[in-house]
Amino acid sequence: MKITSAEFIISNSDVSKCPKDPLPEYAFIGRSNVGKSSLINMLTNHKNLAKTSGKPGKTQLINHFKINLNWFLVDLPGYGYARVSKKTKEVFQEFITDYFEKREQLVCAFVLIDIRLEAQKIDLEFITYLGEIEVPFCIIFTKADKISKTKIDSHIAAYRKALLANNWEEMPQHFVTSALESTGRDKVLGFIDEVNEQ
Ligand code: GTP
Ligand code: MG
């Protein structure tokens, strides 16, 4: 898919104030610093459309970006940036769970996982939560430039095992990306294109 336009529309912490357009949207969620905002920039070929930072906690609000005038990418705050471990409900800010539970335009969530890390409890909890509320999702393994190709395969195999141990019957659809090297761009955009056509 060719990206012909990408435009920031609005930031807010209230799902009822998100754009009213009945257009399909795709949301990026995952731990702080996993690369959600960088991936949005990579996919849209814009350096600074979404604000990024080396420090976790950069994105604080729900950010809507209108793409090709007919669908949205949504950048969300990261979870898991609490110094003390808290119960799931407190870690996933209420406006984020509100977004996932109430946003009718949401057609697919992308759960971003740092390819270098072993499966983290908080991500598995979030994936379970998406299953419970029946939000379709894919997994995106980020920062693929940081490890070798062989390690990528073994990390994905380990992740599959962790999901199966958490009651998933199969590995969900997944992608491997690098915002640095534009890896995975065509596959992710191709997937979005297909869903938009449905
Ligand atoms: P929050 O908004 O804080 O939740 O973070 P985020 O998930 O939006 O992460 P962000 O895109 O701001 O990136 C965090 C850091 O990771 C930045 O220093 C990015 O440059 C770096 N980064 C993101 N994606 C990649 C990647 O694919 N490869 C490499 N090497 N670095 C990346
Ligand atoms: Mg961000």
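This passage walks through the overall fold, one helix and the ligand surroundings of a predicted model. In this model, local features need pLDDT of at least 70 and side-chain atom pairs count only at pLDDT 80 or more, while totals for chains, interfaces and linings use all residues. Residues are numbered from 1 along each chain as its sequence is written, and chains are lettered from A and ligands numbered from 1 in the order in which they are written.

The chain has six helices and seven strands, taken as DSSP runs numbered from the N terminus (helices: H or I, at least four residues; strands: E, at least two). Along the sequence, these elements follow the pattern β-β-α-β-β-α-α-β-α-β-α-β-α. The C-alpha atoms fill a box of roughly 40 × 35 × 35 Å along the principal axes. Of the 198 residues, 35% are buried, that is, with 20 or more other C-beta atoms, placed from the backbone, within 10 Å of their own.

Helix H1 deserves a visit of its own. Nine of its nine residues are buried, so H1 is largely enclosed by the rest of the structure; among them are Lys-36, Leu-39 and Ile-40. After H1 comes Asn-45, with a positive phi near 65°.

The same helix, spanning residues 36-44, provides three residues to the shell around ligand 1, the largest share. In total, 23 residues surround this ligand, each with its C-beta atom, placed from the backbone, within 6 Å. The closest are Gly-35, Ser-38, Thr-52, Thr-59 and Gly-78.

Technical notes: Buried ≥ 20, exposed ≤ 12 C-beta atoms within 10 Å, placed from the backbone.
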